[in-house]
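User: Hi! Could you walk me through this structure in plain words?

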Amino acid sequence: MRTFAYSRADSVERAAHATTPTAAFVAGGTTLLDLVKLDVMQPSELVDINALPLKQVEWLDDGRLKVGALVTNTDLAHHPAVKQHYPLLSEALLAGASTQLRNMATTAGNVMQRTRCPYFRDPSAACNKRHPGSGCDARDGLNRMHAVLGGSEACIAVHPSDMCVAMAALGATLTLEGPDGEREVPFGEFHRLPGDTPHIEHDLADGELITAITLDAPLAPAGSHYLKLRDRASYEFALASCAAQVALDGDSIGTARLALGGVATKPWRCAEAEAALAGQPATLESFERAAEIALADAEPREHNAFKIPLARQAIVRALREAARLAGTTQEEQA
Amino acid sequence: MMDDSAHSQHSRESQQTLNFTLNGEAMTLEVAPNAVLLDVLREQLHLGGTKKGCDHGQCGACTVHVDGQAMNSCLRLAVMCEGQHVTTVEGLAHDGELHPVQQSFLECDAYQCGYCTSGQMMSASALLADGRIGRDDASVKEAMSGNICRCGAYKNILEAIQQARLAYDATAERGTAGRQEGAA
Ligand SMILES: Cc1cc2nc3c(=O)[nH]c(=O)nc-3n(C[C@H](O)[C@H](O)[C@H](O)COP(=O)(O)OP(=O)(O)OC[C@H]3O[C@@H](n4cnc5c(N)ncnc54)[C@H](O)[C@@H]3O)c2cc1C
Ligand code: FES
Ligand code: FES
């Protein structure tokens with residue numbers, strides 16, 4: 001593995017001020033070290049942020065839940081507040097990676113994880129994300145795992161996170177600390193579409209540190225479900241996944257929240273499908289219509305057309321389960 | 001961005017001092033900033049029980065405990081373990097007595113070639129100590145999915161873990177399990 005300097009950040013302010021453009025923060029290291037070993041990421045300096053006080057999960061007065069950047073995926077999945085009020089997030093986290101990796105992986109690191117596109121991971125392949133202007137070997141290559149939503153001429157790499165799909169559905173806000181102070185970014189605006197600049201993946205500026213992710217107040221009474229479809233039953237990235245949350249209003253759908261993973265270039269909120277569900281009866285027909293709408297703009301390449309019906313199925317099944325659970329909650333409260 | 005000399009195995013940056021506890025023993029080491037925990041264990045400390053399968057978090061052969069939690073030592077810098085308690089398979093037995101998981105792996109014949117076995121046992125022993133993981137077979141299989149066995153000894157591995165649970169729970173009640181692995 002290439003060499004780099006190593007230092008430990010002892011305060012958030014210093015971490016955000018002292019970094020150079022070629023430095024990288026290291027949290028769990030599960031994305032970073034994987035990719036440094038492959039020579040895909042080439043930091044000259046690692047700033048270890050693990051000693052920073054960013055490990056709390058706390059309720060804010062306005063009913064939102066603030067999650068520190070360094071809370072591990074395991075701790076977040078098992079946190080009592082998350083299990084009770086955001087079971088969707090807990091399910092999504094536990095569907096990701098393995099026990100060992102979740103013990104290491106952090107909340108901010110998960111948001112910042114890089115695509116698993118094999119051409120991105122292979123420095124000898126053409127990849128506009130890794131090496132801007134070099135082309136995209138995935139477009140006409142082995143693209144079974146690639147995106148059908150949000151792609152461009154330049155890039156069709158999937159955003160691989162499960163956690164982020166749940167956060168896209170739940171709604172959240174990132175808190176960033178940079179040389180110019182603190183700012184907030186809505187979760188849906190943090191990840192970028194590839195467009196002509198697939199190497200620019202998110203809204204974070206050089207030296208900016210994610211300090212927290214605050215989840216919108218829980219939708220209640222609601223039911224939710226995270227469904228992940230993959231090539232093997234566990235320890236595998238999604239071919240298609242769906243995070244669904246439904247709040248009922250009598251027999252019809254009051255509010256629905258829907259996001260997709262495994263099929264898109266960023267965590268994919270399905271706003272139009274959500275709008276189409278509102279006020280509709282909670283029936284299979286409504287769910288199927290929402291699934292049609294969510295995939296209406298899908299553009300397959302040679303090997304990944306199967307992802308379109310797969311994602312539709314994921315939506316229908318996730319919505320059905322979310323509505324069933326919402327019904328149970330509604331009955332309990334009546 | 002970087003010249004080829006940057007690829008050398010040996011760091012041109014200064015060595016770092018690492019203070020940590022390994023298998024219950026406090027130690028101080030000089031390590032390169034880019035030294036990976038797995039390589040330090042195997043090559044610098046000559047503890048060969050922890051295996052390298054994929055070197056990328058994909059197989060679990062390198063699983064160790066860090067402050068009592070199972071982690072992939074191939075994706076962790078050694079310097080990140082400053083002040084932490086690391087346990088490898090060499091530290092699993094205690095006072096000459098096998099850990100219940102080691103005993104049951106033997107009795108249940110839970111290995112074929114044995115390459116994945118130390119990683120399996122490190123995950124299994126962390127699992128038994130973790131009250132957040134369900135006790136049923138399905139939960140155990142899911143929690144163990146980060147350990148691949150190319151020989152396919154999964155059936156016996158599951159059996160061994162469930163058998164070890166009985167002995168583990170009995171020892172835990174006597175208060176002698178969950179030894180000095182730090183926090184968790
Ligand atoms: C074999 C394998 C299987 C996996 N399977 C799945 C899966 O099924 N589902 C899934 O969702 N994920 C999966 N993952 C990915 C895993 O979830 C991520 O690697 C992990 O969440 C990254 O978190 P980390 O703390 O280890 O990040 P690091 O590796 O420490 O950092 C990742 C990136 O984020 C930056 N960074 C970290 N913290 C901050 C911060 N606070 N502010 C700004 N930048 C920061 C780093 O500089 C780096 O660029 C898998 C990974 C592996 C290796
Ligand atoms: S060697 Fe670490 S997971 Fe394979
Ligand atoms: S026993 Fe051979 S790999 Fe598991």
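**Helices, a sheet and one serine**

Analyst: Sure, let's begin with a pair of helices in chain B: helix α2(B) passes α3(B) in a right-handed crossing. Keep in mind that this is a predicted model.

User: How are α2(B) and α3(B) set relative to each other: parallel, antiparallel, perpendicular or oblique?

Analyst: The axes of α2 (residues 100–108) and α3 come within 9 Å, and they cross at roughly 130°. Angles from 65 to 115 degrees count as roughly perpendicular and those over 145 as roughly antiparallel. The crossing fits neither range, so α2(B) and α3(B) are oblique.

User: Which residues of α2(B) make the contact with α3(B)?

Analyst: On the α3(B) side, the contact uses Thr117(B), Gln120(B), Met121(B), Ala124(B), Ser125(B) and Leu128(B). Their counterparts on α2(B) are Val101(B), Gln102(B) and Phe105(B).

User: Now the sheet in chain B. Which strands are at its edges?

Analyst: It's an open sheet of five strands with mixed pairing, in the order β2-β1-β5-β3-β4. An edge strand pairs on one side only. That description goes with β2 (25–31) and β4 (69–72) of chain B.

User: What is the average twist from one strand to the next?

Analyst: Think of stepping across the sheet, strand by strand, in the order β2-β1-β5-β3-β4. From one strand to the next, the twist averages 40°.

User: Which strands does helix α3(B) touch when it packs on the sheet?

Analyst: Helix α3(B) covers residues 117–128, and its direction makes about 35° with that of β3(B). The strands α3(B) touches are β3, β4 and β5 (85–87) of chain B.

User: In β2(B), what is the bridge partner of Leu18(B)?

Analyst: Strand β1 of chain B takes in residues 16–22 and pairs with β2(B) in the antiparallel sense, over seven bridges. Across in β2(B), the partner of Leu18(B) is Leu29(B).

User: Over to chain A. Is Ser161(A) buried or exposed?

Analyst: Ser161(A) sits in the loop between α7 (107–111) and α8 (163–170) of chain A. Its relative accessibility is 2%, and the cut-off for buried is under 20%. Ser161(A) therefore counts as buried.

User: Which side chain does the side chain of Ser161(A) join in a polar contact of 2.7 Å?

Analyst: Leaving out residues up to four places away in sequence, Ser161(A) touches Asn110(A) and Gln113(A). Its side chain also reaches the backbone nitrogen of Cys164(A) at 2.9 Å. The 2.7 Å polar contact, though, is with the side chain of Asn110(A).

Key. Residues numbered from 1 in each chain as written. Chains lettered and ligands numbered in written order. Predicted model: local features only at pLDDT ≥ 70, side-chain atom pairs only at ≥ 80, totals over all residues. Heavy atoms only, no water. Pairing = 2+ DSSP bridges. Helix = DSSP H or I, 4+ residues; strand = E, 2+ residues; numbered from the N terminus. Axes fitted to C-alpha atoms, helices over the stretch in contact; angles between N-to-C directions. Contact = heavy atoms within 4.5 Å. Buried < 20%, exposed > 50% of the residue type's maximum accessible area, 1.4 Å probe, protein only. Polar contact = N/O pair within 3.5 Å; in protein donor to acceptor, adjacent residues only side chain to side chain. Parallel < 35°, antiparallel > 145°, perpendicular 65-115°, else oblique. Left-handed = near helix turned anticlockwise from the far one by under 90°.
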